[in-house]
Amino acid sequence: MATASPKIVPKWRRWLVLSLKITGVAAVLGLLAFVIAIYVTRSQLPSFDELKSSPNGQMIRVLAADGTPIVNLGPSYGEWLPIDRIPQVMKDAMVAAEDRRFYSHPGVDPIGVVRGVTSSLSGHGRVRAVSTITQQLARNVFLTLNRSYGRKFREGIIALALERKFSKDQILELYLNKVYFGGGAYGIDAAARKFFGHGADHLTLSEAAIIAGLVKAPSHYSPTADAEAAVSRAGVVIGLMKETGKISAAEAASADPHAVKLAPEPTQNSVRYFTDWALPQLETLIDEPTRPLEVWTTIDIRMQKAADAAIAANAPNGAQGALLSLDRDGAVRAMVGGKDYVTSNYNRAVTALRQPGSAFKLFVYLAALEAGHKPDDQVVDEPITIDGWSPRNDSRHNSGAMQLRTAFAYSINTVAAKLGQEVGFSTIADMARRFGITTPIQVVPSMVLGTNDVRLIDMTRAFASVYNKGVAVTPYGITKVTSMGETIYQHQVDTSHVLVAPYVAQEMTDLLQTAVNTGTGRAAQIGRPVAGKTGTTTSNKDGWFLGFSSGITTGVWMGRDDAKAIPGLHGGTAPARAFAAYMSVAVQGRPVEQFDTAVTLPDLQLDNEQGFGEPDNGTMMVDPDGNPIPPDQIAPDDGRMGSSDVGRPPASEDEQPQTAPDDTATPPRDQRLDRRWLDRVTGNDGRAPSRTPSDRATPADRPRDVQERRPSGP
């Protein structure tokens, strides 16, 4: 019996079967590897608690004294909200806007994948963003933002692993607390606080829709960048919520994103000088590197604006200005470190080192008063030479016997030098250190006229301590720090350091108020008792005014960063006017405070040549370091130019005839000061002194005897 010949299978069919088998095996192996990769990834994922506590950066929200936000710093991570504290409208809005099949897919949405691949192929190979909420969480926490097929594949693996390890609610909680919403805000609580001024646990439907709409393009839809775009996108989200059944048609119709009130944008200009100074102190005040912080500060918004305006209006062209204002306990109420923070963030109020001129005489007279001198003591204005140094009054005149009060009011240099020689120059240096001067002090005779560099903050602190009856005042800017409702720092004012006896501080205040009322600081009058001192340095390079009134101590400095001369700049001109302009606003609402001693007239009024010609600080006989220069090394000049001065204003500038714009602000030149006039300018007669625009305009607009002319004087 013949057997049938075997059926010959075509070669192509054998190859097809083999290919199918290989493909099937490869698919099974690939699927197995895929599953293994998912579960290996799952085993390596951090726990839920570890993901919650992973460092995200720290949000620092800075508040003014009244609670007004002034700046937000750092990546903004708000309070972590557990899923049961997140409003349902927020959860529904996010799911509708970003991943409507979130509760049904395993971490990767197959429909979305097909749509993304199709879109990518038609878009010249670019991978399109079709990520689920789980995939976005995987990318934000574990991956970079580059778009590639490799990254998308790893993203999918991690997303599937996340779904195997965590519940949908846990994934949504992680996502809502970590995703970026623009403006530096990460997480819904940070976003809610930034854009609406309150926590995310109180979001309305419209607010939730705005936040949910930000994820698609945070920079484009940010309410602070483009409010209309944010509102438009929120309308789309509300429509999606209605379409997916999360809200009713009536709820969608009643929602009005246009009516949402946005939180005001914090001030970003001059107040940053203050925050740049205050916030680094957190490192020593608290130990909290991760939780969001609310830092309550001392800054007063109204006073800060007034300080800005005063510097902007009075600082000479080409010059910088700085202002620091302290409350009686040391609280910094205003700080201006320069004309414009955006242009220059160098803080001249706390960092710049400049010579104070005659403002340094505060420490000379404090030492003299502590040594037993009294304001009414008689001293002699006469030529003096100390170790080869011969300070002179700019008028080249000496007035003979006078009271200590008169010498201080008119800033007589020879008297300051005599006092320094009497009490000891090291004693004056110790007094300056005692009152908070932190910069090096070169102990030489010329130091009494302010040849050592100081900081405005230190000088202001010293004047504040005098005002505080000799008790040390320490500037501070942070009152308390809270985190998630818990107070973790509270400032305590230290009043235990007594620098001088109260009577010494009282006598010093006596001298300071005379300087403002009858001496070089007249432009600082504000219609209520003021005490203070001017300072001007070589060739008008620096102008200072420091003083106090009604519980506030304020220091003003003006000058160029390159230390070049500024014609017409004296402590009694622009700085004193800036002080008056600021303090007139700052003291509003505060009661008028009288000093312990009444204003006392000097025992003589010096004429123009003697009194208000700015006394020479001796720089003609002192090198840039304050050391005496031998007379044979001094170049001849007209007797008015300092050793390093080439830009001294000509003598004729002092000799121009000028008249007083207002006899209430300035007495006639041929009339001695009297009590009636003093009562008017200090407001003791029940009315504020008349102040016309002209008496605070330019040096030429005020009587010549009000102006200073001193290479280093008041």
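Biologist: Which residues of H16 meet H21, and which of H21 meet H16?

Modeller: From H16, Leu-362, Tyr-365, Leu-366, Leu-369 and Glu-370 take part. From H21, the partners are Tyr-503, Val-504, Glu-507, Met-508, Leu-511 and Leu-512. This is a predicted model.

Biologist: How do you know what class of residue makes up the contact of H16 with H21?

Modeller: Sort the residues by class. Leu, Tyr, Val and Met count as nonpolar, Glu as charged. The contact then has nine nonpolar, no polar and two charged residues.

Biologist: What makes H16 oblique to H21?

Modeller: H16 spans residues 361–370 and H21 spans residues 502–518. Their axes come within 9 Å and cross at roughly 135°. Roughly perpendicular stops at 115 degrees, and roughly antiparallel needs over 145. The angle of roughly 135° fits neither class, so H16 is oblique to H21. The crossing is right-handed.

Biologist: Why are H18 and H19 called roughly perpendicular to each other?

Modeller: The label covers 65 to 115 degrees. H18 (residues 413–423) and H19 (residues 425–434) cross at roughly 95°. That value falls in the range, so H18 and H19 are roughly perpendicular. Their axes come within 6 Å.

Biologist: Which residues of H18 and H19 make the contact?

Modeller: H18 supplies Ala-417, Gly-420, Gln-421 and Val-423. H19 supplies Phe-425, Thr-427 and Ile-428. Gly is counted as polar. The tally for H18 with H19 is four nonpolar, three polar and no charged residues.

Biologist: What makes H8 roughly perpendicular to H9?

Modeller: H8 (residues 188–196) packs on H9 (residues 205–214) at about 115°, with the axes 11 Å apart. The class runs from 65 to 115 degrees. An angle of about 115° sits at the upper limit, so H8 counts as roughly perpendicular to H9. H8 passes H9 in a right-handed crossing.

Biologist: Which residues of H8 meet which in H9?

Modeller: Ile-188, Ala-191, Ala-192, Phe-195 and Phe-196 in H8 meet Glu-207, Ile-210, Ile-211 and Leu-214 in H9. By class, eight are nonpolar, none polar and one charged. Glu counts as charged, and Glu-207 is in this contact.

Biologist: How many cavities of 30 Å³ or more does the structure hold?

Modeller: Four. The second largest has a volume of about 40 Å³.

Biologist: What lines the second largest cavity?

Modeller: Asp-327, Arg-328, Ala-464, Tyr-467, Asn-468, Val-473, Gly-551 and Thr-553.

Biologist: How do the residues of that lining divide into nonpolar, polar and charged?

Modeller: Asp and Arg count as charged; Ala, Tyr and Val as nonpolar; the others, Gly among them, as polar. The result is three nonpolar, three polar and two charged.

Conventions. Residues are numbered from 1 along each chain as its sequence is written. This is a predicted model: local features need pLDDT of at least 70, side-chain atom pairs count only at pLDDT 80 or more; totals for chains, interfaces and linings use all residues. Side-chain values use heavy atoms; hydrogens and water are left out. Axes are lines fitted to C-alpha atoms, for helices over the stretch in contact, and angles run from 0 to 180 degrees between N-to-C directions. Helices (H or I, at least four residues) and strands (E, at least two) are DSSP runs, numbered from the N terminus. Angles under 35 degrees count as roughly parallel, over 145 as roughly antiparallel, 65 to 115 as roughly perpendicular and the rest as oblique. A crossing is left-handed if the near helix is turned anticlockwise from the far one by less than a right angle, and right-handed if clockwise. Contact means heavy atoms within 4.5 Å. On a 1 Å grid over the protein atoms alone, a cavity is a set of points where a 1.4 Å probe fits but cannot get out, and a pocket is an open set with protein on both sides within 12 Å along at least five of seven lines; lining residues have an atom within 4 Å of a point. Grid points are joined across faces, edges and corners, and a volume is the space filled by probe spheres set on the points.
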